[in-house]
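Got the viewer open? Here is a short walk through one model, stop by stop, with something to select each time.

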Amino acid sequence: MKWISSVIILSFTLGIVAKTTMSYRERKKQLDGKIALVLDIKEQLKLEPETGKTSIETIRSQVEETYRAGNRIEMEKTLTLAEGELIITQRKLCFPMEESANGLYQKAMGDWILLEGEDKSGAKSIEWDTKEKIQRYLMMAKSEKDHAKEYFLSGNYQLSLHTYKRSLVYSLMSLRSQKAEIPEEYQTADTVWVQPIWMGLHKQKQNTIQEN
């Protein structure tokens, strides 16, 4: 516990030092982006992680109200408190994100092992480029979740969350490439995060075929 507390304190302290050269408008813009990621993850994955003393929604409202009021001193105070609370929330959210990234990767890998077995036995034929695509997405999903863990251990919870999200996206891309069923708890994330990418790739492929 002492080690964990030290990491949080160090992260917060380094953040304060960096913010001495930033305007409160820049700090608010940074905070808005971090809050948006947390809310996006909560909404698409239906996660309700523990928070600090204040919920992320309340933090966002407090910052917006203070910003509109235009009092610089109050804004500095509100931002400092919000940044501290956000670090706690981000750290706690990393735990279910790690579990989700690991679980979905294992699901995608397990489905691929079964599909590859059917291909080798002749029960099902898979095109070479599809195999390559499935394996590439699996490799990227694993790489991202491993990097996310490293970012977490270094105290960069924002980047850890962002990277866990990318791992989930790649696992979902692998499942789509396998034409496998998307687990119910990830269907919203698949629709919001993956479908636009998938449709873009499909359109790009169609254009390439027409050009050739």
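**A charge over a ring**

Select Arg136 and Tyr137 to begin: Arg136 lies over the face of Tyr137, 5.3 Å from the ring centre. Keep in mind as you click around that this is a predicted model. Tyr137 itself is buried, since its relative accessible area is 7% and the cut-off for buried is under 20%.

Now do the same with Lys28 and Tyr67. Here the charged end of Lys28 sits over the ring of Tyr67, and the distance to the ring centre is 4.8 Å.

**Rings that pair up**

How many aromatic pairs does the structure hold? There are 3. Let's visit two of these stops.

Select Phe95 and Phe152. Their ring centres are 5.3 Å apart and the planes meet at 70°, so this pair is edge-to-face; the cut-off for that label is over 60 degrees. Colour the helices and you'll see that the pair links distant parts of the chain: Phe95 belongs to helix α4 (residues 72-121) and Phe152 to helix α5 (residues 128-153), with their positions 57 residues apart.

Are these two rings buried or exposed? Phe95 is partly exposed, at 39% relative accessible area, while Phe152 counts as buried, at 10%. Add Tyr157 to your selection as well: Phe95, Phe152 and Tyr157 form one aromatic cluster.

Before you leave Phe95, select Lys149 too. These residues are 54 apart along the chain, and their C-alpha atoms are separated by 9.8 Å.

Next, go back to Tyr137 and add Tyr170. This aromatic pair is stacked, with 6.5 Å from centre to centre and 20° between the planes. It also links distant parts of the chain: Tyr137 is in helix α5 and Tyr170 is in helix α6 (residues 157-178), 33 residues apart.

**A serine tucked away**

Stay in helix α6 and pick Ser167. Its relative accessible area is 0%, so Ser167 is buried. What is Ser167 in contact with, leaving aside its neighbours within four places in sequence? Show Ala101, Ala141, Glu144 and Lys145, and you have the answer.

**Two helices side by side**

Time to zoom out a little. Two packed helices are described by the angle between their axes and the distance between the axes. Select helix α2 (residues 24-45) together with α6: they pack at an angle of about 35°, and their axes are 10 Å apart. Their crossing is left-handed.

Which residues meet here? On the α2 side, show Lys34, Leu37, Val38, Asp40, Ile41 and Leu45; on the α6 side, show Gln158, Leu161, His162, Lys165 and Leu168. Try colouring them by class: this contact has 6 nonpolar, 2 polar and 3 charged residues.

**Two lysines in loops**

Last stops! Most residues other than glycine have a negative phi. Now select Lys46, in the loop between α2 and α3 (56-69). Lys46 is not a glycine, yet its phi is positive, about 55°. At 58% relative accessibility, Lys46 counts as exposed.

Finish with Lys179, which you'll find in the loop between α6 and α7 (187-211). Its phi is positive too, near 60°, and Lys179 is not a glycine either. Is Lys179 buried or exposed? Its relative accessibility is 78%, so Lys179 counts as exposed.

Notes: Residues are numbered from 1 along each chain as its sequence is written. This is a predicted model: local features need pLDDT of at least 70, side-chain atom pairs count only at pLDDT 80 or more; totals for chains, interfaces and linings use all residues. Side-chain values use heavy atoms; hydrogens and water are left out. Rings of Phe, Tyr and Trp (its six-membered ring) pair if their centres lie within 6.5 Å; planes under 30 degrees apart count as stacked, over 60 as edge-to-face and the rest as tilted. Helices (H or I, at least four residues) and strands (E, at least two) are DSSP runs, numbered from the N terminus. Buried means under 20% relative accessible area, exposed over 50%, partly exposed in between (1.4 Å probe, protein chains only). A charge sits over a ring if NZ of Lys or CZ of Arg is within 6 Å of the ring centre and within 35 degrees of the ring normal. Contact means heavy atoms within 4.5 Å. Axes are lines fitted to C-alpha atoms, for helices over the stretch in contact, and angles run from 0 to 180 degrees between N-to-C directions. A crossing is left-handed if the near helix is turned anticlockwise from the far one by less than a right angle, and right-handed if clockwise. Ala, Val, Leu, Ile, Met, Phe, Trp, Tyr, Cys and Pro count as nonpolar, Asp, Glu, Lys and Arg as charged, and the others, Gly among them, as polar.
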